[in-house]
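Hello,

Here is the structure you will be working with. Please look it over first, then read the notes below it.

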Amino acid sequence: MTIESILGAIVIGAVIGALGRLFLPGRQPIGWILTIVVGIVAALIGTAIAQVLGVATTPGIDWIELIMQVVLAVIGVGVVAGIRGRSGT
């Protein structure tokens, strides 16, 4: 794993996580680091699901894969916010 791939995962995770928070209505009691972690996990799982379903990789932006990743980020942010909200932190 190179520095570029780690930085790329952080940037993609931040974007996917931010989109997940943007599309989830209401306020989420999670910080930006946890948002990035949720975004990275959502991006990895979304890519794996897209590959399993046979979504073709295209030059440029893979819109179907991106939509899967954002939907997973919305779900992930909701779950994490629910857990954090119940714990009172």
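**What was found**

Read from one end of the sequence to the other, the chain follows the pattern α-α-α. In total there are 3 helices and 0 strands. Please keep in mind that this is a predicted model.

Confidence comes first. The mean pLDDT of the chain is 86, and 96% of its residues reach 70 or more. Among the elements, helix 2 (residues 32–53) has the highest mean pLDDT, at 90, while helix 1 (residues 3–23) has the lowest, at 87. As a general rule, coordinates should not be read in detail where pLDDT is low.

Next, the overall form. The C-alpha trace spans about 45 × 30 × 20 Å along its principal axes. Of the 89 residues in the chain, 28% are buried. The chain exposes about 5,900 Å², and carbon and sulfur atoms supply 75% of that area. If you take the contacts in the chain with a separation of 6 or more, 65% of them are between residues 24 or more positions apart.

Now the inside. Which residues form the largest nonpolar core? There are 6 of them: Leu24, Ile30, Val38, Val77, Val80 and Ala81. Helix 3 (residues 63–87) gives the largest share of this core, with 3 residues. Another core, of 5 residues, lies apart from it; Ile16, Ala42, Ala43 and Ala73 are among its members. To follow one residue of the largest core, take Leu24. Leaving out residues up to four places away in sequence, Leu24 touches Val74, Val77 and Gly78. Val77 is thus listed twice here, as a contact of Leu24 and as a member of the largest core.

Last, the pockets. The largest pocket has a volume of about 300 Å³, and 14 residues line it. Where does the largest share of that lining come from? Helix 1 supplies it, with 7 residues. Helix 1, helix 2 and helix 3 each supply at least two residues of the lining. The lining residues that lie nearest the centre of the pocket are Ala9, Ile12, Gly13, Ala43 and Leu44. Ala43 is worth finding in the viewer: this residue belongs to the 5-residue core and also lines the largest pocket.

When you open the model, try to find the two cores and the pocket for yourself.

Regards

Note on methods. Residues numbered from 1 in each chain as written. Predicted model: local features only at pLDDT ≥ 70, side-chain atom pairs only at ≥ 80, totals over all residues. Heavy atoms only, no water. Helix = DSSP H or I, 4+ residues; strand = E, 2+ residues; numbered from the N terminus. Buried < 20%, exposed > 50% of the residue type's maximum accessible area, 1.4 Å probe, protein only. Contact = heavy atoms within 4.5 Å. Areas by Shrake-Rupley, 256 points an atom, 1.4 Å probe, with all protein chains shown as cover. pLDDT = per-residue confidence, 0-100. Core = buried A, V, L, I, M, F, W, Y, C linked by side-chain atoms within 4.5 Å. 1 Å grid on protein atoms, 1.4 Å probe; cavity = no way out; pocket = protein on both sides within 12 Å on 5 of 7 lines; lining within 4 Å. Points joined across faces, edges and corners; volume = space filled by probe spheres on them.
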